[in-house]
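Please read these comments with the model open beside you, and look for each named residue as you come to it.

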Amino acid sequence: MKAPASAPSPGSTAKPREPRWLTDEEQRVWRSFMEGVTLLDDHLDRQLQRDAGMPHVYYGLLVKLAEAPRRRLRMTELAMLAKITRSRLSHAVARLEKSGWVRREDCPDDKRGQFAVLTEEGYEVLRQTAPGHVEAVRQAVFDRLSPQQQKSLGEIMRIIAEGLQPAEAGADLPWLR
């Protein structure tokens, strides 16, 4: 679908630049991508809600903490690894604390800093939930793709992720908000 060109700014004599509309094939790819991402996220959320009473993002936080040394990460680092805003992380950690799966600890060398720490109870929930989650991921993604398609998907998503995380100062990234 072609949208109308944007209007020039007030007082400008420059002709507005025509947007680079997607071709029919690009539109098809884009819509397929968005449908797949939306349905996959819903599928994994439902599986984790059913099996562990938590959304997919919370499961991801528990995994990141389980993989960290001493099962602890600074909150800012956890937000960066999870690719979420600090406020969303704070809300999620508060919910995980209520469940007894995570606790916060003050950072001894930085009065403003805090650690998120995976508790033994949180680790046990993760240990019990992981097999069902891995099976859901396998059935939804890997069982449907050939080894070459899996490799291509990994390469494509890595390129997209790297392009959306510029290294320059002032980049608008979720964990910096």
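The points below deal with two pockets and the residues that line them.

1. Before anything else, please keep in mind that this is a predicted model, and that the totals for linings use all residues.

2. The largest pocket holds about 1800 Å³ of space. Its lining is made up of 42 residues, and those closest to the centre of this pocket are Phe33, Val37, Leu40, His56 and Met157.

3. Which elements give two or more residues to the lining of the largest pocket? They are helix 1 (24-52), helix 2 (56-67), helix 3 (75-82), helix 5 (120-140) and helix 6 (147-163), and among the contributors helix 1 gives the most, with 13 residues.

4. When the lining of the largest pocket is sorted by class, it has 26 nonpolar residues, together with seven polar and nine charged ones.

5. The second largest pocket holds about 170 Å³ of space, and the residues that line it include Arg74, Arg86, Arg104, Asp110 and Arg112, as well as Met75, Leu89 and Gly113. Helix 3, helix 4 (86-98) and strand 3 (110-118) are the elements that each give two or more residues to this lining, and strand 3 gives the most, with four residues.

6. How many residues of each class does the lining of the second largest pocket have? By class, there are five charged, four polar and two nonpolar residues in the lining of this second pocket, and you may wish to set these counts beside the 26 nonpolar, seven polar and nine charged residues that line the largest pocket.

Note on methods: Residues numbered from 1 in each chain as written. Predicted model: local features only at pLDDT ≥ 70, side-chain atom pairs only at ≥ 80, totals over all residues. Heavy atoms only, no water. 1 Å grid on protein atoms, 1.4 Å probe; cavity = no way out; pocket = protein on both sides within 12 Å on 5 of 7 lines; lining within 4 Å. Points joined across faces, edges and corners; volume = space filled by probe spheres on them. Nonpolar A, V, L, I, M, F, W, Y, C, P; charged D, E, K, R; others polar.
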